[in-house]
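Please read the following report alongside the sequence and the coordinates. It takes up charged pairs, then aromatic rings, then pockets, and finally an annotated segment.

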Amino acid sequence: MESIKIIWNWLKLNELPNWIGVIFSLVVWPIVLFWWNQRKRSNIPHLEGSRSGGTMQMNGKEKPAVHFSFLNNTGCIVYLTNVRILKCSKKFIIDKDASMDIAESSYELKFMDKNNGHYIHRQIILQTDETAQTSIAVEDEVNKEILSYKRSKLRQRFRRPKYFCLEYVAMVGNKRYKVSLIY
């Protein structure tokens, strides 16, 4: 205890507590703020997402697909954008004709146009109680294991997907969220 008092008195004598405060304000605090704004969440309260199996038309052919639906129960307007699948494992093989971003090795998902049934919208605005659907074509039939899979907290913590990672950006009211779901 006496050694702590000696160190503290030496710091006060040399005005180092002020310098520690300055260094904290100039270095540590901006890093914390940057990290806080870049973090990814695993969910948004009352924005419900579900997945189901089925088929979709791609290049005039019927292909097996995984459908993702988003239901807005937040009570606010939700703006969804940049929905993509990345980090696909060998258990989840995307169709070779799917649109792939070579920079990030991710597959862009587009939302269905309600008028003509085609997937053309890169972003969508959801009013309260409104649903939007997007799909991705896969190589093999979608098995029930993929659709009923519940991600473990351990996989989420270490960001190690069993099948794939679904990422998107959502504006709920005036709050912006980056979401990363590990499946």
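## Salt bridges

Across the whole structure, which is a predicted model, a search finds five salt bridges. Side chains of opposite charge can pair when their charged atoms come close. One of the five involves E167 and K40, whose closest N and O atoms are 3.1 Å apart. Because E167 belongs to strand β10 while K40 sits in the loop between α2 (16-38) and β1, this pair ties together parts that are 127 residues apart in sequence. The two partners differ in burial: E167 has 6% relative accessibility and counts as buried, whereas K40, at 45% relative accessibility, counts as partly exposed.

E167 also meets the side chain of R84 in a salt bridge, with 3.0 Å from N to O. Here too the pair links distant parts of the chain, with R84 in strand β3 (residues 78-86) and E167 in strand β10, 83 residues apart. R84 has a relative accessible area of 13% and is therefore buried, the cut-off being under 20%. Through shared partners, salt bridges join K40, R84 and E167 into one network.

A further salt bridge is formed by the side chains of E130 and K114, at 3.3 Å from N to O. E130 lies in the loop between β8 (123-126) and β9, and K114 in the loop between β6 (111-112) and β7, so this pair ties together parts that are 16 residues apart in sequence. With 25% relative accessibility E130 counts as partly exposed, while K114, with a relative accessible area of 57%, is exposed.

## Aromatic pairs

How many aromatic pairs does a search of the whole structure find? The search finds seven. A pair of aromatic rings is described by the distance of the centres and the angle of the planes. In the pair formed by F70 and Y168, the arrangement is edge-to-face, with 5.2 Å centre to centre and 75 degrees between the planes. F70 lies in strand β2 and Y168 in strand β10, 98 residues apart, and the pair thus links distant parts of the chain. Both of these residues, F70 and Y168, are buried.

F164 and Y183 form another aromatic pair, this one tilted, with 5.2 Å centre to centre and 40 degrees between the planes. Because F164 is in the loop between α4 (153-158) and β10, and Y183 is in the segment after β11 (175-182), the pair ties together parts that are 19 residues apart in sequence. F164 and Y183 are both buried, and ring pairs link these two residues with F68 and F92 into a cluster.

## Pockets

The largest pocket holds about 370 Å³ of space. It is lined by 17 residues, and those closest to its centre are M56, Q57, M58, Y119 and S135. The elements that give two or more residues to this lining are β1 (47-58), β7 (119-121) and β9 (131-137). By residue class, the lining of the largest pocket divides into eight nonpolar, six polar and three charged residues.

In the second largest pocket there is about 240 Å³ of space. Its lining is made up of 17 residues, of which N43, L47, E48, G49 and L181 lie nearest the centre. Elements that contribute two or more residues to the lining of the second largest pocket are β1, β2 (61-72) and β10 (165-172); among the elements, β1 gives the most to this lining, with four residues. The residues lining the second largest pocket divide into nine nonpolar, six polar and two charged.

Strand β1 is therefore a useful element to follow when viewing the pockets, because β1 is a DSSP run that appears among the elements giving two or more residues to the lining of the largest pocket and again among those of the second largest pocket.

## Annotated segment

Which residues does the UniProt record mark as a "transmembrane region"? The unreviewed UniProt entry places this feature at residues 16-36. In the predicted model, the span of residues 16-36 is 100% helix and 0% strand, and its end C-alpha atoms lie 28 Å apart.

How values were computed: Residues numbered from 1 in each chain as written. Predicted model: local features only at pLDDT ≥ 70, side-chain atom pairs only at ≥ 80, totals over all residues. Heavy atoms only, no water. 1 Å grid on protein atoms, 1.4 Å probe; cavity = no way out; pocket = protein on both sides within 12 Å on 5 of 7 lines; lining within 4 Å. Points joined across faces, edges and corners; volume = space filled by probe spheres on them. Nonpolar A, V, L, I, M, F, W, Y, C, P; charged D, E, K, R; others polar. Phe/Tyr/Trp six-rings, centres within 6.5 Å; stacked < 30°, edge-to-face > 60°. Buried < 20%, exposed > 50% of the residue type's maximum accessible area, 1.4 Å probe, protein only. Salt bridge = Lys/Arg side-chain N within 4 Å of Asp/Glu carboxyl O. UniProt positions renumbered as here; feature names shortened; annotations may be inferred.
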